[in-house]
Every structure is written in C-alpha cells, then in structure tokens.
Amino acid sequence: MKKISIVLYLFLCMFLIGCTSSSIPVADNTDKPIEGNINEEKPDENNLPAIENNQIDYEKIKPNENGQVMILMYHGIGEEEAEWIRTPENFKKDLQTLYDNGYRVISLRDYIENKIDVEAGFTPVVITFDDGLLNQFNLLDSGDGMKIDPDCAVGLLENFSEKYPDFGKAASFFIYYPIPFRQKDLIKEKYEFLINHGYEIGNHGYNHENLGKINIEEVQKSLSKNVMKTKEILPDYEVQSLALPYGAAPKGEDYKYVVSGNYEGFSYDHKAVLLVGSNPAPSPNSIKFNPQRLPRVRGSEMLVAGTGLYDYIKYFEKNPHKKYISDGDTNTITIPESEIDNIDKDRLVNKKVITYHLQNDNKPDES
Ligand SMILES: [Zn+2]
C-alpha cells in the first residue's frame with residue numbers, strides 16, 4: 001500500500017513539475033476510481049461527452065478541496081534580508097518556488113467567500129503584506145510620470161504575473177495611518193492602482209495600536225478610524241479584513257470587538273481577521289474554518305522556527321493529501337470520501353459535493 005502511494009506521489013510530482021503551462025493535459029481515463037455522484041454531472045453545453053469534460057484523473061490529481069491553504073505573511077522588502085524583511089531576489093524566489101510547485105495565487109476575498117478558482121491539480125495560496133511600508137509600494141518619479149519601483153512588492157508581483165499570467169495576481173495590504181506606503185501625496189493614486197489591479201487594502205489599526213493592551217473603546221476607535229480614513233480616500237471601497245497588529249487582540253469575550261464594533265456612530269464589520277502565526281489555514285469548506293481567526297505562514301526563511309513558507313512547502317510535498325488541491329470546477333467541491341464528515345455543509349452554498357476513493361490507495365497515509 002505504502003509503495004503504491006509513493007509511486008502515485010512521484011507521479012503527481014512529475015505531473016505538477018511538467019505543468020508549468022496554463023493547462024492540465026486531458027485526464028487519462030484508464031483509472032476510474034470515482035464513486036459518489038460524479039456521473040450525475042450534467043453534460044456540457046458543447047455536447048462533448050461528459051467524460052472528456054468533467055472527468056479528471058483522480059489517481060493523478062487527488063483533488064482535496066478540504067485541504068489546507070497557506071496565507072502568507074510578509075512585511076518589508078529590502079536590500080538586506082532580516083527577520084521581517086525579504087530581499088527582492090528572495091521574494092522572487094518565493095514566487096517562483098510556489099509557481100513551480102503547483103501553487104496559484106488567489107485573493108483573500110475569494111478564499112473567505114469560498115470562491116477558489118484554480119485549475120485542477122493546483123493549490124491556492126494567499127499573499128498578505130502588513131504595515132504599508134514604502135518598500136511594498138514605491139512610486140518613482142521617472143521624469144516621464146510616476147513608475148512603480150520594480151524592487152518594491154507591487155513591482156515584483158506585477159512583473160512576476162506578467163511573466164507567468166497563469167500564476168494569478170492578488171495580495172492584501174494591511175495598512176495603517178497617517179501615511180500608508182509613506183508617500184503622503186500619492187496615497188490615493190496608490191490605492192486606486194491597488195484596487196484596480198486585483199489587490200486588497202485591509203485594516204491594520206489606525207496607528208498600529210497593540211489591541212491587546214488598550215481598552216475596548218480604544219480598540220473600536222483604532223479600527224473604526226482606519227476604515228473611515230480609507231473610505232475618505234476611496235468612498236466606494238469596502239474594507240473587508242483586518243490583520244491584527246502584533247497579532248494581539250483583547251482577551252476572551254472582548255475578542256469580538258476586533259471583528260465588529262463602532263465608534264462615534266461609525267461601524268465596522270470584518271469578514272476576516274488574520275493572526276500572525278504560524279500554520280496553514282483550513283479550507284473554507286472545512287468545519288475548522290474560522291474567518292475570525294485565520295492563521296498565517298511567514299514568508300521568510302529567517303527565525304521561522306520550522307513554520308515558514310519553505311517548511312510548509314516541504315511538509316505538503318511529503319503530505320500532499322493535507323493540502324487543498326483543486327478539482328478545477330468552481331461549482332463542485334471534490335474531496336476524498338474520508339473527508340466527508342470534515343466539511344461544513346452550510347458553507348457550500350450551491351456547490352455540489354463529489355467524493356471519491358482511490359482504487360489502489362483508499363486510505364491516504366495519515367502522518
Ligand atoms: Zn504590523
């Protein structure tokens with residue numbers, strides 16, 4: 001059993017490595033391990049045989065849409081690598097490694113709303129940046145209008161996605177005031193660029209207050225003022241998520257004030273609250289999914305204590321059944337049948353659940 005699963009795993013690796021282009025080869029239909037209601041799938045409008053259309057090779061792909069998703073946490077991008085700073089070269093390496101290992105970027109919003117749209121066999125990943133630093137979004141006066149610094153986070157993301165459009169492009173920037181991204185005359189210009197290019201602007205407190213050390217009135221004031229200020233700059237934009245400064249929050253019952261609250265008649269309601277540490281997040285289909293406490297993985301190799309991006313890439317290489325692997329269809333949730341009790345049926349909306357078991361490996365190796 002073990003041997004077979006290793007062979008299958010190697011096959012999967014070769015398959016993923018071979019898949020640096022945008023499409024997955026048509027599934028080989030010699031393996032038919034499907035159980036459940038796959039055959040009830042409606043034939044496609046083009047009248048192609050259903051098997052060519054909705055069929056994926058379960059043995060090869062092993063879709064698991066109840067697997068874990070990494071939400072990566074970055075801070076600065078800078079010339080010298082440090083605990084909270086990634087060099088441009090290392091950030092590029094991170095993106096390349098993710099790309100080469102079958103990860104595709106999705107927005108935090110799509111993760112929260114359970115609208116993960118990546119091709120069959122690929123794994124979603126979310127990218128976040130805290131603090132709104134200049135090196136995350138720096139505009140340079142080129143003499144010929146403003147240009148994005150190619151070595152700031154936005155420049156690096158833009159360039160990478162131009163080179164690899166199928167990687168996806170999204171990131172959430174958790175900013176605080178008074179001067180997000182540190183160029184005071186360019187705040188609006190940057191905000192507009194971000195929201196028009198697939199990026200998100202999130203709450204990181206009004207002035208990076210430690211929300212675990214102030215009273216609940218001050219917590220609400222800090223979080224409201226951040227949202228109010230962003231609304232002043234972008235009246236139609238809805239701030240949806242919060243990354244806790246220092247990962248700190250009021251204890252016990254009072255935690256609810258980081259989720260929603262109000263100050264001087266202005267209220268906020270975060271759909272997601274992101275923590276600082278230190279492991280992948282559950283699938284949005286999972287009974288373990290809690291958008292009010294989403295863990296993140298550090299996008300770093302320094303002082304990560306075994307919980308950094310590369311540690312989890314390795315972990316998922318060894319334990320592929322633990323990660324989210326897409327079935328390529330946003331209308332269905334495909335899971336190994338062993339996961340059926342671990343999905344939260346209330347979150348599936350109109351999605352259809354497809355379960356399968358593998359002929360040769362019907363019990364994924366637990367570790
Ligand atoms: Zn911070």
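This tour moves through a predicted model, from the whole chain to a core, a helix and two single residues.

Begin with the whole chain coloured by secondary structure, where ten helices and 16 strands can be picked out. Of its 367 residues, 42% count as buried, and among the contacts with a sequence separation of 6 or more, 68% join residues that are 24 or more positions apart.

Next, select I71, L72, V125, V126 and V258, which are the residues with the most contacts inside the largest nonpolar core, a set of 76 residues. Domain 1 (2-63 + 328-356) and domain 2 (70-322) both contribute residues to this core, so the core lies between them. In soluble globular proteins, nonpolar side chains tend to be buried together. To look at one member more carefully, keep I71 selected and add the residues that I71 touches beyond four places in sequence, namely V126, T128, L274, A281, L294, R296 and V297.

Now turn to helix 8, residues 216-233, whose 18 residues reach 26 Å from the first C-alpha to the last, close to the 26 Å expected at 1.5 Å a residue. Within helix 8, select the buried residues, which are V219, Q220, K221, S222, L223, S224, K225, N226, V227 and T230. What covers these buried residues of helix 8 includes strand 9 (199-203), strand 10 (241-243), helix 9 (256-259), strand 11 (260-263) and strand 12 (266-269), and showing these elements together with the helix brings that cover into view.

From there, move to R86, which lies in strand 3, residues 85-86. R86 counts as buried because 26 C-beta neighbours are found inside 10 Å, and the cut-off for a buried residue is 20 or more. If residues up to four places away in sequence are left out, R86 touches Y74, I77, E81, F91, G299 and S300. One of these, G299, is 213 residues from R86 in sequence, yet the two C-alpha atoms are 8.1 Å apart in space.

The last stop is D344, in the loop between strand 15 (332-336) and strand 16 (352-356). With 16 other C-beta atoms within 10 Å, D344 is partly exposed. Setting aside neighbours within four places in sequence, D344 is in contact with N285, S286, I287 and F289. Add K288 to the selection as well, since a distance drawn between the C-alpha atoms of D344 and K288 comes to 8.3 Å, although 56 residues separate them along the chain.

Terms used
Residues are numbered from 1 along each chain as its sequence is written. This is a predicted model: local features need pLDDT of at least 70, side-chain atom pairs count only at pLDDT 80 or more; totals for chains, interfaces and linings use all residues. Helices (H or I, at least four residues) and strands (E, at least two) are DSSP runs, numbered from the N terminus. A residue is buried if 20 or more other C-beta atoms lie within 10 Å of its own, exposed if 12 or fewer, and partly exposed in between; C-beta atoms are placed from the backbone. Two residues are in contact if their C-beta atoms, placed from the backbone, lie within 7 Å. A nonpolar core is a set of buried Ala, Val, Leu, Ile, Met, Phe, Trp, Tyr and Cys residues joined through C-beta atoms within 7 Å. Domain bounds come from an automatic or database domain assignment. The expected span of a helix is 1.5 Å times one less than its number of residues.
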